[in-house]
Structure formats: structure tokens, C-alpha cells
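These are my notebook entries on the contacts in this model. I looked up the interfaces between the parts in turn.

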There are 2 protein chains.
Amino acid sequence: MRSRILDSATRMLVDSGYASLSMRKLAQAIGYSATTIYHHFDSKDDLFHALVEEGMSRLSDVLREALAACTGTESGVRLRSLCHAYVTFGLQNPEYYEVMFVAAPPSLERFPIDKYRRARGNLDLFATVLADVAVETKHRARPLDTRRDATTIWAMLHGIVSLVNARRVDRRVDIDGLVGDSVARVVDMYAPSDVMP
Amino acid sequence: MRSRILDSATRMLVDSGYASLSMRKLAQAIGYSATTIYHHFDSKDDLFHALVEEGMSRLSDVLREALAACTGTESGVRLRSLCHAYVTFGLQNPEYYEVMFVAAPPSLERFPIDKYRRARGNLDLFATVLADVAVETKHRARPLDTRRDATTIWAMLHGIVSLVNARRVDRRVDIDGLVGDSVARVVDMYAPSDVMP
DNA sequence: TGACGCACTTAACAGTGTTAAGTATACAAA
DNA sequence: TTTGTATACTTAACACTGTTAAGTGCGTCA
């Protein structure tokens, strides 16, 4: 039952965004009364967290796949692959992305950390690759504090994704060009390749 | 009257965020009925836009001040000053920042461009300094397309501000260090100084 | 048979954005 | 001075929202 609710919630989320996901509509979609949901989830926030977790899991799959596709290559290539996969996921799943990284339900002062092991795991993927970069490159701006540097990269990628998704980018700027250039520059920042566009 | 509504709305926004800014509470705060507001603003979205414009104006002041404080210095310093001012504004005015750059009222498909001249003006400040950087530096990664590059920088700064404000950053990462390092790296990306921490 | 617990329901509360319809006041034209 | 009209504001309501208190069956176990 819990999973039936979650399935339906996911579908409604992807279809029309979190803003228009109401408990009553969700209940109607699964053919039960609204109150029933409250026997399986404490609140809408609780459901929100479940959706975040689901999204983190999907992102994790995507990132691991991207890494698997280039095992054995030099660290700079792997970093680029990771960044590219992250941005692609964010742009292709705007509703999930919103729930995972931009929506901030008013009731949550701070995110429950123990629930976010998967989120930290995703960040660790970046940190791990960055550690390799730190070893393999001698550039003056190579990573030093991998956790912080991973967060910095994440922030930059997040900036691009969220601005594009929120349609805040000036019309005259080509989106694909912007995204490609941004990712290239972020990667180049820590793992400079000899040729840069 | 319109300005009295806006003043009160601003106060409520800063006090408790946009999420808990309701037309009824706003009306009560100024001592009128809720319907009155609808005679001065078409909808809550309309009021939202007015708040965005106010925020953009404040940001514009901050950015111009930051630039004025370092006229005559080399372009890299000016770029750093601009970035620092932007991030500081975002972190010190989280409610305004949310309305300006992260909140996305469901009704707005795309932002009304003509209303956002001030927003574009702020981006132009970055583009102008970047044009100077392009002239003054010979680094391989110097700015090329200043509008796109300005957007890239903006996206990266926005990523940091929005993640920090949304409290998404891992507790173990020092926020001040993260912010400082991120800004330094963004600046260094386009206008490398010889010494980098 | 009786008691208990589980899954689910209806009805309601307090709040939201928004609008239709009505009132009272001010000011211009007759 | 009286009338007409526009303006500023009101009340009452609609259709929603998340959430909860109380109640209804149902199956299982003593």
C-alpha cells in the first residue's frame, strides 16, 4: 500500500510538479480517502522525504552508470562524465530535481541527516573522483579538501541546473551552449586539460 | 496605497518568508480587507513580481556600490568585488533572494521580460567587467562570449547561495570556507591571479 | 462469543487565493 | 442643489489546501 501511494505520487510529481500534488488528489488517484494516506505517512513532509529519497536513488544510479562507463580512464575524464551526468539528470527530471534540491517545505528547519545517506553517497562519488584528480594532476588549482571541493562543484552544477529549470536565463543565451561551457569550465577548474575550447 | 501594501509585504517577506505571506494576513497588517489588495494588484503573482523588482533594485544598489568601491583597479579585482557582493547579498537577504531567484509561482510559464530590465542590468554589470577582463588578461580561459560567461558566473554564484540558504550543505563542511573558496575559484576561472590559495 | 487491533471512512477545522455583489463616499455635470 | 458616476472599500462566498477527531467495519486471537 505504501508503495502504491508512492508510485502514484511519483507519477503525479512527474506529470505536474510538486506544487500541484495534493493529498486529496493523490488519494483520489489511488481510489482511497485522503485520510488513508495519513496512516502510511505522517504528513505531506514525510511523503516529500520519501520522494527525495527515491530521487536520490535514481540520481545515484545515473551517476554510477556514468562512472562505470569510463572506468580505467584518467580522473579528469571521469570527473567530466560525473558532472555531465548530474546536469543531464537535473535537466531531464526537473520535477524530481525540484523536490530534491530546491523545494524547501516550511516545516523543515534542517534536513534529517540520517535519512540522507544516499544524498551524501552521491556527493562522495564526486569526492572520490576528486581525490584521484588530486593525485594525478599537478595543477596549482587541484583539489585540496575533497569534501569541500566536491561541494563547490556540486554547487556550481546546481546553479546551472536550477537557473535553467526555473527559466531564469536570458532568452538571448543559448542554453545548450551555456550548459556545455559551464560544465567544461567547472571540470577544467580542478582538472585542466591542455586543450580548452 | 499601493506603496503601503508593498511596504507591508516587504516587511512580512523579510520577517517570515514568501511561503507564509498570505493576502489575508497582509490585508490585516495594513488594516484593510483582503479584497482591497486586489484593487491594487491583479493577483498574488503580480505582487510577487513587484517584490522581485524591489529585490533586483536593492541588489543593483549593492553591486554598483561594490564596483564604485574599486574603480580604477584592475579588472580581476573588480570581478572579485562583484562576485563577493552578490553572494553576500544572497546570504544576508535569503527571503528576497528566494523570491528573486528560486521561487517559481506555478502560474508563470515564463517571466515577463519587459519587467526584468533591472535584472538584466545586474547581469550586464558582470558582462561589462568580464569584457574588461577579456582585454586585460591573456589567460587561455579568459572570457569570450561575455553574456554567456556572465551567465555562467551568475549560475555558479547562485548555486552556492541557494544551496547554503536551503541548508543543503553537509554539516561537516565549513560554510564560510566553502563560500570564500567558491568565489575565489570562480574569479580565478576567468581572471587567474598569480597567487591562488 | 468477546475483545482487540487494523484499515479505512466521513465530517470537520482552519487556512489559502480569488471573485461576485453590494455599500458608502467624493466629485463632476445638470 | 440634485443627480449621476466613478472610486474605494466591504462582506460573503467558492473551491481549494493539509490535517485531525471520531466512527465503522473487518479479521484474528483468546
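**Entry 1: chain A against chain B**

I began with the protein pair: chain A and chain B bury about 4,500 Å² between them, and carbon and sulfur atoms give 56% of that area. Buried area here is the accessible area (1.4 Å probe) that two parts lose on being put together, summed over both. I noted the side of chain A as well, where Arg140(A), Arg168(A) and Arg185(A) lose the most area to chain B, together 17% of what that side buries.

For the record, I am reading a predicted model, in which local features need pLDDT of at least 70 and side-chain atom pairs count only at pLDDT 80 or more, while totals for chains, interfaces and linings use all residues. Residues are numbered from 1 along each chain as its sequence is written, chains are lettered from A and ligands numbered from 1 in the order in which they are written, and side-chain values use heavy atoms, with hydrogens and water left out.

I then looked up the contacts, meaning heavy atoms within 4.5 Å. In chain A, 49 residues touch 49 residues of chain B.

How many salt bridges are there between chain A and chain B? I found four, a salt bridge being a side-chain nitrogen of Lys or Arg within 4 Å of a carboxyl oxygen of Asp or Glu. One of them joins Arg185(B) to Asp149(A), with the closest N and O atoms 4.0 Å apart.

The two chains also share twelve residue pairs in polar contact, both residues at pLDDT 80 or more. A polar contact is a pair of N or O atoms within 3.5 Å; within protein, one must be able to donate a hydrogen and the other to accept it, and residues adjacent in sequence count only if both atoms are side-chain atoms.

I next asked which elements form the side of chain A that touches chain B. At least two residues each come from α6 (94-102), α8 (146-165) and α9 (175-190) of chain A. Of these, α8(A) gives the largest share, 13 residues. Helices (H or I, at least four residues) are DSSP runs, numbered from the N terminus. By class, I recorded 24 nonpolar, eight polar and 17 charged residues on this side. In this scheme Ala, Val, Leu, Ile, Met, Phe, Trp, Tyr, Cys and Pro count as nonpolar, Asp, Glu, Lys and Arg as charged, and the others, Gly among them, as polar.

**Entry 2: the two domains of chain A**

An automatic or database domain assignment divides chain A into domain 1 (1-41) and domain 2 (51-195). Their contact takes eight residues from domain 1 and six residues from domain 2. I noted that their C-alpha centres lie 30 Å apart.

The two domains bury about 660 Å² between them, 76% of it on carbon and sulfur atoms. On the domain 1 side, Thr10(A), Leu13(A) and Tyr18(A) supply 64% of the area buried against domain 2, more than any other three residues. I found zero salt bridges between these domains and one residue pair in polar contact across their interface. The residues with which domain 1 touches domain 2 are six nonpolar, two polar and no charged.

**Entry 3: DNA strand C**

I counted a residue as near a strand if one of its heavy atoms lies within 4 Å of it. DNA strand C is surrounded by 16 residues, of which Ser33(A), Thr35(A), Thr36(A), Arg24(B) and Tyr38(B) are the closest. Sugar and phosphate make up 47% of the strand C atoms that come within 4 Å of the protein.

I looked up individual atom pairs. A polar side-chain atom of Arg24(A) lies 3.1 Å from a base nitrogen of strand C. A backbone N or O atom of Ser33(A) lies 2.8 Å from a phosphate oxygen of strand C. The elements giving two or more residues to this surface are α3 (34-37) of chain A together with α2 (23-30) of chain B. With three residues, α2(B) gives the most.

**Entry 4: DNA strand D**

Which residues come nearest to DNA strand D? Of the 16 around it, they are Arg24(A), Tyr38(A), Ser33(B), Thr35(B) and Thr36(B).

A polar side-chain atom of Thr35(B) lies 2.7 Å from a base oxygen of strand D. A phosphate oxygen of strand D is 3.4 Å from a polar side-chain atom of His40(B). I classed the residues near strand D as four nonpolar, eight polar and four charged.
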